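Thanks for coming. I will walk through one structure for those who have not seen it before, going from the whole chain down to single residues.

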Amino acid sequence: MSIDFHGDILPFHFPTTTLLVDDHETYLDSMPLLLDPALRLRSYSSPRKALAELGSHGIRAVPGGGWMYHWKDRSSQTRELVALDIDSIHRVMFDPERFAEVSVVVVDLTMPEMDGISFCRELANPHIGKILLTGTADDCTAIEAFNAGVIDRFIRKSDPQAIDKLQLAIRALQRRYFERVGGFVAEALALGNVRFLRDRAFQQAFRGLVGDFPAVECYLHVNPTGLLLLDERGRGRFVLVQTDEDLRAHYEIASDLGAPEVLLAALREGDRLPWFGEGDGYFHEGIRETEALLHPAVTVRGEQWYHLAVIEDVSRFQLGKLRNYHDWLGEQDQALGA
């Protein structure tokens, strides 16, 4: 269930919901017992009702939304500039409805109201992954739908490995959902100071630092820069990321403010990173006991030189205010049983 950090690191990622649509209610009832219990599933025996439910929630171009705005400071009669508020990305974790976002549908091919391919054609959100469940004699129909781009996968119900294949397909399409909805964000970030998300050397070091922490959510954070990881109970860990340029800028600020030599030495060497627990990450007057705020760092030589430190005290993020995935799943189960 935890995030697989192989490949490009996505600027945001959290658990989402998979829709099961099949007119056989017995099949719908058995599926949650066969799939990973950490997957959030919603079942519909009526495809029209499922479409209506999806439509009622509208389409959010970006989960959380509200990250883009016109850049009025550079007004021009010939150009319209749009700015990306990177600082808003991590605030998605406070959206209580983020886990209800539907990223994948699993639909039966043959249903009396509407066949599975027609259902997939009706989906308004192009980012949703579509898996078609077929009978033995339906291969030609499924292949045509796949080649036409209407569906992303098809799995025979009679396949002995059907459940394993379905689970793998759901995982892959959930990740693809974030690659698609966050594609323009990732492209914009690649032009700025957080290019490390696509740096192979950084990714390898990051996986080593994360270790066995079971992250189910991940958010890019800036000022200070790094990645905030959350497990299913909302417990956090932050990987602080500083480039050589960041450390030089920090050194100049700290030196001008008369910071202790132990901090200045750490900023020169890059072997320890300061974490002040508040503010923008830079030293400021009033900070005491500086040495206790320094954390061991590893240095990575990628497209840039990066210095990474794992921060376990993440109280600045006020994680107690968010609804974690474990509690949210429990609320959904209670609602179904009510």
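**Strands, core and two unusual loops**

I start with a hairpin. Strand β14, residues 298-301, and strand β15, residues 305-311, run antiparallel to each other and are paired over four bridges. Three residues sit between β14 and β15 in this hairpin. For one concrete pair, take T299, whose bridge partner in β15 is H307.

Before going further, a caution: this is a predicted model.

Now the chain as a whole. It has 338 residues, and 47% of them count as buried. The secondary structure amounts to ten helices and 15 strands. Along the principal axes, the C-alpha atoms fill a box of roughly 75 × 50 × 40 Å. If we take the contacts with a separation of 6 or more, 66% are between residues 24 or more positions apart. The exposed area of the chain is about 17000 Å², with carbon and sulfur atoms supplying 48% of that.

Back to the hairpin and its surroundings. Which sheet do β14 and β15 belong to? They are part of an open sheet of six strands, in the order β1-β9-β10-β11-β15-β14, with antiparallel pairing. At the edges are β1, residues 12-13, and β14, each of which pairs on one side only.

Inside that sheet, look at β10, residues 226-230, and β11, residues 236-243. These two are paired in the antiparallel sense over five bridges. G226 stands opposite L240 in β11. As general background, side chains in a regular strand alternate between the two faces of the sheet.

Next, the interior. The largest nonpolar core has 85 residues. Those with the most contacts inside this core are F119, F196, F202, F206 and L227. Which residues does L227 touch, leaving aside its neighbours within four places in sequence? Three phenylalanines from the list just given, F196, F202 and F206, are among them. L227 is also in contact with I9, L197, C218, Y219, L220, R237, F238 and V239. Apart from this core there is another, of 16 residues, including L28, L35, V104 and I155.

On the surface, M68, V82 and F184 make a nonpolar patch of about 260 Å². Of these, V82 is placed in strand β5, residues 82-84.

Last, the backbone. Most residues other than glycine have a negative phi, and most peptide bonds are trans. Where does this chain depart from that? One place is the loop between β9, residues 217-221, and β10, where P224 is found. The peptide bond joining N223 and P224 is cis, with omega about 0°. N223, in the loop between β9 and β10, also has a positive phi of about 55°, although it is not a glycine.

Another place is E289, in the loop between β12, residues 272-274, and β13, residues 294-296. E289 is not a glycine either, and its phi is positive, at about 50°.

Are these two residues buried or exposed? N223 has a relative accessible area of 49%, so it counts as partly exposed. The cut-off for exposed is over 50%. E289 has 66% relative accessibility and therefore counts as exposed.

To go back over the main points: a six-stranded open sheet with antiparallel pairing, a nonpolar core of 85 residues, another core of 16 residues, and a cis peptide bond between N223 and P224. That is all from me.

Terms used
Residues are numbered from 1 along each chain as its sequence is written. This is a predicted model: local features need pLDDT of at least 70, side-chain atom pairs count only at pLDDT 80 or more; totals for chains, interfaces and linings use all residues. Side-chain values use heavy atoms; hydrogens and water are left out. A nonpolar core is a set of buried Ala, Val, Leu, Ile, Met, Phe, Trp, Tyr and Cys residues joined through side-chain atoms within 4.5 Å. Buried means under 20% relative accessible area, exposed over 50%, partly exposed in between (1.4 Å probe, protein chains only). Contact means heavy atoms within 4.5 Å. Patches are made of residues with over 30% relative accessible area and no salt bridge: like charges are joined within 9 Å, nonpolar side chains (Val, Leu, Ile, Met, Phe, Trp, Tyr) within 5 Å. Accessible areas come from the Shrake-Rupley method with a 1.4 Å probe; for residues, only the protein chains shown count as cover. A salt bridge is a side-chain nitrogen of Lys or Arg within 4 Å of a carboxyl oxygen of Asp or Glu. Two strands pair if DSSP finds at least two bridges between them.
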